[in-house]
Amino acid sequence: MSFLSNYLVTIIQQRLHNHFGPLNWWPADSPFEVIVGAILTQNTAWTNVEQAIHNLKQADVLSPEKLAKLPVNQLEELIRPSGFFRQKAARLQNLAIHLTEEWQNNLDDFCSGPLVAARQRLLALSGIGPETADSILLYAAGRPSFVVDAYTRRIFKRVGLLKGQESYDEIRQMFMQNLPEEVQLYNEYHAQIVQLAKTCCRKVKTFCSDCPLKGVCHHANPSI
DNA sequence: GTCCAGGGGA
DNA sequence: TCCCCTGGAC
């Protein structure tokens, strides 16, 4: 990996941290709630997910045992605000049944072992792709697996570090090969990326003049 | 009222 | 490539 990638990946994290301060993700009361949130937030704004999780708490079904037993049409109604509610209800229930039947609801065991193996175990489940798997590993299990999302792609393409055709795993490797393997660093970095994407580095209406990456990013100043 | 943002599967 | 869906912005 080039010196330039290493320099940019590192300095961007520092800039974002200085600008936003520590963000202390993931906002949840338990590891299982993180897992549920990771599935519900697929292709969905977090505000919609909050309502769905609120509904699950109100109904007192936010545990693998209860989600496994809940009639799926009831689950669909509870999570409806998060969108794509039919597929997400099936995904959640499938995961809850898997955890209950194969892992005795022991999330530590489920996410333990070599990182590659734990990641494969997650990816084998229906409805868990790379981003959801890495979110669960990082934010529910506290394991050093960098999360890549649409925001990461957008920001680092604008910065000039990505062309746009890279695969998920290539981008993940770019971060992991250029950063020390620290859970807290991965945790904060992804949170900072999301924060930047929601404030300055939005999809269409950008606010480059307010951006903490001014001077580093091609988008704000194509002459760099 | 229309549009927009946003992962995974087939 | 297309389908799955919502709340919020405009």
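A cavity here is a set of grid points where a 1.4 Å probe fits but cannot get out. With that in hand: this is a predicted model, and it holds one such cavity of 30 Å³ or more. The largest cavity takes up about 90 Å³ of space, while the largest pocket has a volume of about 700 Å³. Helix α10 is a good thread to follow, since it turns up in the cavity lining, in the pocket lining and in a crossing with α12.

**The cavity**

- Thirteen is the number to start from: 13 residues line the largest cavity, and C201, C208, C211, C217 and H219 are the ones closest to its centre.
- Helix α10 gives the most to this lining, with three residues.
- By class, the cavity lining splits into 10 nonpolar residues, two polar ones and one charged one.

**The pocket**

- The largest pocket, at about 700 Å³, is lined by 23 residues, and those closest to its centre are T41, T44, E131, D149 and Y151.
- Three helices each put two or more residues into the pocket lining, namely α9, α10 and α12.
- Helix α9 gives the most here, with four residues.
- The pocket lining has 10 nonpolar, nine polar and four charged residues.

**Where α10 meets α12**

- Helix α10 runs over residues 150–159 and helix α12 over residues 183–199; their axes come within 9 Å and cross at roughly 75 degrees.
- Angles of 65 to 115 degrees count as roughly perpendicular, so that is the label for the pair α10 and α12.
- On the α10 side the contact uses Y151, T152, R154, I155 and F156. On the α12 side, the partners are Y189, H190, I193, V194, L196, A197 and K198.
- Sorted by class, this contact between α10 and α12 has eight nonpolar, two polar and two charged residues.
- Y151 is worth a second look: it belongs to the α10 side of this contact, and it is also among the residues closest to the centre of the largest pocket.

**Helix α2, wrapped up**

- Helix α2 spans residues 31–40, and nine of its 10 residues are buried, so the rest of the structure largely encloses it.
- The buried set is F32, E33, V34, I35, V36, G37, A38, I39 and L40.
- What do the buried residues of α2 pack against? The neighbours are α3 (46–58), α4 (64–69), α5 (72–79), α6 (85–103), α7 (107–110) and α9 (130–140).

**Backbone oddities**

- Some background first: most residues other than glycine have a negative phi, and most peptide bonds are trans.
- W25 and W26 are joined by a cis peptide bond, with omega about 0 degrees. W26 sits in the loop between α1 (3–20) and α2.
- N24 has a positive phi of about 55 degrees, although it is not a glycine. This residue is also found in the loop between α1 and α2.
- Is N24 buried or exposed? N24 has a relative accessible area of 56%, and over 50% counts as exposed.
- Q104 is another non-glycine residue with a positive phi, near 50 degrees. Q104 lies in the loop between α6 and α7 and is exposed, with a relative accessible area of 60%.

**Two buried side-chain spots**

- N187 has its place in helix α12 and is buried, with a relative accessible area of 8%.
- Setting aside neighbours within four places in sequence, N187 is in contact with W25, L138 and Y139. W25 is thus one end of the cis peptide bond to W26 and a contact of N187.
- R172 lies in helix α11 (residues 168–178). At 7% relative accessibility, R172 counts as buried, because the cut-off is under 20%.
- Which residues does R172 touch, leaving aside its neighbours within four places in sequence? R172 is in contact with L115, R119, D134, S145, F146 and V148.
- R172 and L40 are 132 residues apart in sequence, and their C-alpha atoms are 22 Å apart in space. L40 is one of the buried residues of α2.

Key:
Residues are numbered from 1 along each chain as its sequence is written. Chains are lettered from A and ligands numbered from 1 in the order in which they are written. This is a predicted model: local features need pLDDT of at least 70, side-chain atom pairs count only at pLDDT 80 or more; totals for chains, interfaces and linings use all residues. Side-chain values use heavy atoms; hydrogens and water are left out. Axes are lines fitted to C-alpha atoms, for helices over the stretch in contact, and angles run from 0 to 180 degrees between N-to-C directions. Angles under 35 degrees count as roughly parallel, over 145 as roughly antiparallel, 65 to 115 as roughly perpendicular and the rest as oblique. Contact means heavy atoms within 4.5 Å. Ala, Val, Leu, Ile, Met, Phe, Trp, Tyr, Cys and Pro count as nonpolar, Asp, Glu, Lys and Arg as charged, and the others, Gly among them, as polar. On a 1 Å grid over the protein atoms alone, a cavity is a set of points where a 1.4 Å probe fits but cannot get out, and a pocket is an open set with protein on both sides within 12 Å along at least five of seven lines; lining residues have an atom within 4 Å of a point. Grid points are joined across faces, edges and corners, and a volume is the space filled by probe spheres set on the points. Buried means under 20% relative accessible area, exposed over 50%, partly exposed in between (1.4 Å probe, protein chains only).
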